[in-house]
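Reader: I'm new to this one, so could you pick a single part and walk me through it slowly? I'd love to see how the charged side chains there pair up.

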Amino acid sequence: LLPPPVSRRDGAVERTLDVEGIRCAACVWLLERLFERRAGAISARVNPGAGTMHLVYAPDTFDLAAYAADVTAVGY
């Protein structure tokens, strides 16, 4: 189950997700770059120590399911 998004005053939403298998800086870089490539992406910050990823995106243009498919395709 996904945690509910938190709406911001600027219309964007924030969501923090659990991410398993973060082993190195390259993993962090890859997850953040995959996010940035999608329309509506605003910011992504991965915390490897906590195993979480904090996303900020425009809910009307960002496709979270497509991003999840990108992440799955590279082994997460």
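Author: Let's start with Glu36, which is partly exposed, at 46% relative accessibility. Keep in mind as we go that this is a predicted model. Glu36 pairs up with Arg33 in a salt bridge, and their closest N and O atoms are 2.9 Å apart. Both sit in helix α1, and because they are three residues apart there, about one helical turn separates them.

Now look at Arg33 itself, which is partly exposed, with a relative accessible area of 25%. Arg33 also forms a salt bridge with Glu32, this time with the closest N and O atoms 3.8 Å apart. Glu32 belongs to helix α1 too, which covers residues 25-36. With a relative accessible area of 11%, Glu32 falls under the 20% cut-off, so it counts as buried.

What else does Glu32 touch? Setting aside neighbours within four places in sequence, Glu32 is in contact with Ala44, Arg45, Val46 and Met53. For Val46 there's a further detail: the Glu32 side chain reaches its backbone nitrogen at 3.0 Å.

Step just past the helix and you'll meet another pair: Arg38 and Asp70 join their side chains in a salt bridge, 2.9 Å from N to O. That one links distant parts of the chain, with Arg38 in the loop between α1 and β3 (41-47) and Asp70 in helix α2, 32 residues apart. Arg38 is partly exposed at 27% relative accessibility, and Asp70 is partly exposed too, with a relative accessible area of 24%. Across the whole structure, the search turns up five salt bridges.

How values were computed. Residues numbered from 1 in each chain as written. Predicted model: local features only at pLDDT ≥ 70, side-chain atom pairs only at ≥ 80, totals over all residues. Heavy atoms only, no water. Helix = DSSP H or I, 4+ residues; strand = E, 2+ residues; numbered from the N terminus. Buried < 20%, exposed > 50% of the residue type's maximum accessible area, 1.4 Å probe, protein only. Polar contact = N/O pair within 3.5 Å; in protein donor to acceptor, adjacent residues only side chain to side chain. Contact = heavy atoms within 4.5 Å. Salt bridge = Lys/Arg side-chain N within 4 Å of Asp/Glu carboxyl O.
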